[in-house]
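Me: Hi! I have a model open and would like to talk it through with you, starting with the metal site.

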Amino acid sequence: MVEYNARVDEVAGAIMDRVREVLVEKKVDYTEYKAFLQWAREATETVDWRVFIDNFFEWTIELNTYKNVDGSEGTVEGPYFIPDASLLTEKPFVMPMRPNEPGVPMVLNGEVRRLNGEPISGAHIDLWQADDGGRYAGFDFAEPRFNLRARLHTNEQGRFQVRTIQPAPYQIPTSGPVGRFLEMIGSHAWRPAHFHLIVTAEGCQTLTTQLYFRGGDWVDGDVSNAVKDSLIVDVLEDKDEEVASWYGLTVPFRSVNYVFELRPTEA
Ligand code: BEZ
Ligand code: FE
């Protein structure tokens, strides 16, 4: 027996009232209703249903939850996170990638701190990204499932450094129901290139965020509405010979830096 839930009644009731209002106002008929049922049936057969909901609604939930809070801004998780990526332990950290993974090498430098500036040693980072063709492992190709996905911890100074490739912008799926829908509403399907990160540490609230590259395509005009100014990083032409030698790179190589400030867990 499921108990009465006042919150479900309140929110779902309001959504259904608004939907009915629109159906009446727009005089939606059976032809359109059946087209919608067919579209929804197809969408729920693949990851499209999740892409659709995350694309159109997650940014609103994220703002409701985290607007005007202290510390680093977060943004949407999106549908492409896969838990339990391998934990990097051997330094220097390198993202798991295929032999000859295409793409421009990039070093991501991060620092995790409390709001008072204290570095957090042993913070846990989940990092995932699209490849140089804008494809996510486990979705756009099956194997290796954890390509360009990893977990790692910060060092004693609260820092981490990982060598990867610069991700490319990508389109949310265009060939299925979501793509048809975007075309019908006259929208493109592009997301700007980004890294995804989930940062967790004891005594702190989890930060789910993304980092974008200044000047990159679609940073202005993200289909998912998930870009925030504070999440746009400069791509540096890094001349650090020592770091280059650790990773077998030549200088200058591309790098980005970001400081993650975590809020304390609410008492
Ligand atoms: C993403 O960042 O991976 C994403 C977010 C929302 C919708 C689709 C993809
Ligand atoms: Fe993404």
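Me: Which residues coordinate the iron ion (ligand 2)?
Reply: Happy to help! The iron ion (ligand 2) is coordinated by Tyr-136 through OH, Tyr-170 through OH, His-194 through NE2 and His-196 through NE2, at 1.9 to 2.1 Å. Donors are N, O and S atoms within 2.8 Å of the metal (3.2 Å for Na, K and Ca), and water is not among the atoms, so sites may look incomplete.

Me: What should I know about the model itself?
Reply: This is a predicted model, where local features need pLDDT of at least 70 and side-chain atom pairs count only at pLDDT 80 or more, while totals for chains, interfaces and linings use all residues. Residues are numbered from 1 along each chain as its sequence is written, chains are lettered from A and ligands numbered from 1 in the order in which they are written, and side-chain values use heavy atoms, with hydrogens and water left out.

Me: Back to the iron ion (ligand 2): what is the geometry of its site?
Reply: The site is irregular, with angles of 51 to 167° among the six donor atoms of the iron ion (ligand 2). For the term: four donors count as tetrahedral if all angles lie between 85 and 135 degrees; four count as square planar and six as octahedral if opposite donors are over 155 degrees apart and all others between 65 and 115; anything else is irregular.

Me: How are the donor residues of the iron ion (ligand 2) spaced in sequence?
Reply: The spacing is Y-x33-Y-x23-H-x1-H. Tyr-170 in strand S6 (residues 170–171) and His-194 in strand S8 (residues 194–200) are a pair that links distant parts of the chain, 24 residues apart. Helices (H or I, at least four residues) and strands (E, at least two) are DSSP runs, numbered from the N terminus.

Me: Is Tyr-170 buried or exposed?
Reply: Tyr-170 is buried, and His-194 is buried too. Buried means under 20% relative accessible area, exposed over 50%, and partly exposed in between (1.4 Å probe, protein chains only).

Me: Now the other ligand. Which residues come nearest to ligand 1?
Reply: Of the 13 residues around ligand 1, the nearest are Tyr-80, Tyr-170, Arg-191, His-194 and His-196. Here a residue counts as near if one of its heavy atoms lies within 4 Å.

Me: What about polar contacts there?
Reply: An N or O atom in the side chain of Arg-191 is 2.5 Å from an oxygen atom of ligand 1. A polar side-chain atom of His-196 lies 3.0 Å from an oxygen atom of ligand 1, and for Gln-210 the distance is 3.4 Å. The protein buries 100% of the 260 Å² that ligand 1 exposes when taken alone. A polar contact is a pair of N or O atoms within 3.5 Å; within protein, one must be able to donate a hydrogen and the other to accept it, and residues adjacent in sequence count only if both atoms are side-chain atoms. The areas come from the Shrake-Rupley method with a 1.4 Å probe; for residues, only the protein chains shown count as cover.

Me: Why is S8 described as largely enclosed?
Reply: Because six of the seven residues of S8 are buried, this strand is largely enclosed by the rest of the structure.

Me: And what does S8 pair with?
Reply: S8 pairs in the antiparallel sense with strand S3 (residues 124–129) over six bridges, and with S9 in the antiparallel sense, also over six bridges. Two strands pair if DSSP finds at least two bridges between them. His-196 in S8 is the bridge partner of Trp-128, and Thr-209 in S9 is the bridge partner of Leu-197. S8 and S9 form a hairpin with six residues between them, and Gly-203 in the turn has a positive phi of about 80°.

Me: What is the strand order in that sheet?
Reply: The order is S4-S3-S8-S9-S10, in an open sheet of five strands with mixed pairing. Its edge strands are strand S4 (149–153) and S10, each pairing on one side only.

Me: Changing topic: where are the cis peptide bonds?
Reply: One joins Lys-91 and Pro-92, with omega about -5°, and another joins Val-251 and Pro-252, with omega about -10°. Pro-92 lies in the loop between helix H3 (48–66) and strand S1 (93–94). Pro-252 is in the loop between helix H5 (241–247) and strand S12 (253–262).
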